[in-house]
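User: Could you take a close look at one buried loop residue for me and walk me through its surroundings? A little background on the whole chain first would help too.

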Amino acid sequence: QQLRTLILQHSELASLPTDIGLLKNLEELDLSLNLINKLPESFGQLKSLQSLDLRQNGLYKLPEGFGQLENLEELNLSLNILDSLPKTFEQLQNLKKLELYSNSFTILPEGITQLKNLSELYIFNNDISILPENFGQLQNLNKLILSGNSLTSLPESFGQLQNLRLLELSDNSLTSLQENFGELKNLQELHLNKNSLNGLPKNFNQLKELVILDLANNSLNSLPENIGQLTSLSKLLLANNSLSTLPESTSQLTKTQIYSLGSNPIDWLPAKVIQARIIDYVILSGFLEECAKQQNWEFAQHIRQNIINYPLTTEDFFNLSWWLVNCQDYEGAIWAGEAYVAGGGSDVGALSNLAMGYLYSGQEEKAMNIYEAHLNIEGVDNQTNRKIFFQDLLDTNHLEVKDKEAVARVRAFLNDS
């Protein structure tokens, strides 16, 4: 009876003795990863318990006397098949950390909102579709994980959770956030990935402490004009939305790196946003590829003109030279190609891009200088450079050029050589 710690993790236990309540001094009990589907009624007599781990058993119900464990501070009931909690659960007033993830809850048990000292609540991967109106009573919460449920909205009282630091609402069915969401002024990390959000509330800019914001995989077609006021942001994820541009104020997010912007129909970005270098170059390169497909020559040239101060590598210039040729920005292709050569690059593909930049802009002589100097050198895939040069001209045959006759002469020269 003097036992204070008991670890029986992964012991293939199917039940507990009915007199387990006699362990009056037990403070820590770990029964995780067993086969226990029911607790004896005497379990509530373990009144000294401070930490209890019952995760990954077969629990479908807790005894009514469970609320007698009034000294509990940490409780893990995750990975069971619970769909309700006893009415006495609200008596666990010392509880600070509660883990209920991966159970069978469809509504949040009412007793949880009475746990005024709760600071961490993990209830992800259930099927909860609604939170009670008094959810905002949990004002000591600083970590709340509700991802993987079926929430369509949040209660108005949610804005009262002003001690929240981490909030995960990913993989739900939210279409909007309540207007007082911006009152969560201590929030540092917010995950809203995989919802159906079509907008953000006007006061979203009040979340000044936000460091990480994940809005990927939603239905956003715009961001608030004042989003640039979230100046603590270091990571912003926006992939798989319906954004066609970003607000100019985004350029004020000088600590931010936007790593995720793919699968949006972006067809323009303010110059200041590009110049601020908050968008990863790889993303901008992807936009150039899309510009080539959509024939959005203006946007392609705009990107090129505003990435001058990016820390580009020779490989970046190689990549740029190809997409700028295909976007009919021959001036840009020459800039990238010459920068590639100046950086010591000698790949035949990049030389071909530079030559096309010259040729298609009407500078036949400069193009011929490249072709003649590298014509019969063995290239990649056992091809001569001549074949590579000629194939690139064929592949870009659809582009508009300044002097079609000069292009025809060069093609004939490469084909006959």
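Analyst: Happy to. In this predicted model, the protein chain has nine helices and 12 strands. The chain is more spread out than a compact globule, because its radius of gyration is 31 Å, well over the 22 Å that the globule rule gives for 417 residues. Along the principal axes, the C-alpha atoms fill a box of roughly 95 × 45 × 30 Å.

A few overall values round out the background. Of the 417 residues, 50% count as buried. The accessible surface is about 18,900 Å², and carbon and sulfur atoms account for 44% of that surface. If you take contacts between residues at least 6 apart in sequence, 31% of them join residues at least 24 apart. The chain carries 29 positive and 50 negative charges, and the mean positions of the two sets are 5 Å apart.

Now to the close look, for which I have picked N195. This residue sits in the loop that runs between β9 (189-191) and β10 (212-214). N195 counts as buried because its relative accessible area is 7%, and buried means under 20%.

What does the side chain of N195 reach? One partner is the backbone nitrogen of L174, at 3.0 Å. Another is the backbone oxygen of N193, at 3.5 Å. Leaving out residues up to four places away in sequence, N195 touches L169, S170, D171, N172, S173 and L174, together with N217 and N218. L174 therefore appears both in that list of contacts and as a polar partner through its backbone nitrogen, where the pair lies within the 3.5 Å cut-off.

For a companion case, have a look at T88, in the loop between β4 (74-76) and β5 (97-99). T88 is also buried, with a relative accessible area of 17%. Setting aside neighbours within four places in sequence, T88 is in contact with E64, F66 and G67. A polar atom of the T88 side chain lies 3.2 Å from the backbone nitrogen of G67. As for distance across the model, the C-alpha atoms of T88 and E183 are separated by 32 Å, and these two residues are 95 residues apart along the chain.

To finish with a helix, turn to α8 (residues 385-395), whose buried residues are N385, R386, I388, F389, F390, D392 and L393. These buried residues pack against four helices: α4 (314-326), α6 (348-360), α7 (364-374) and α9 (404-416).

Key. Residues numbered from 1 in each chain as written. Predicted model: local features only at pLDDT ≥ 70, side-chain atom pairs only at ≥ 80, totals over all residues. Heavy atoms only, no water. Helix = DSSP H or I, 4+ residues; strand = E, 2+ residues; numbered from the N terminus. Rg over C-alpha atoms; globule rule 2.2 N^0.38 Å. Buried < 20%, exposed > 50% of the residue type's maximum accessible area, 1.4 Å probe, protein only. Contact = heavy atoms within 4.5 Å. Areas by Shrake-Rupley, 256 points an atom, 1.4 Å probe, with all protein chains shown as cover. Lys, Arg positive; Asp, Glu negative; His and termini not counted. Charge placed at Lys NZ, Arg CZ, Asp CG, Glu CD. Polar contact = N/O pair within 3.5 Å; in protein donor to acceptor, adjacent residues only side chain to side chain.
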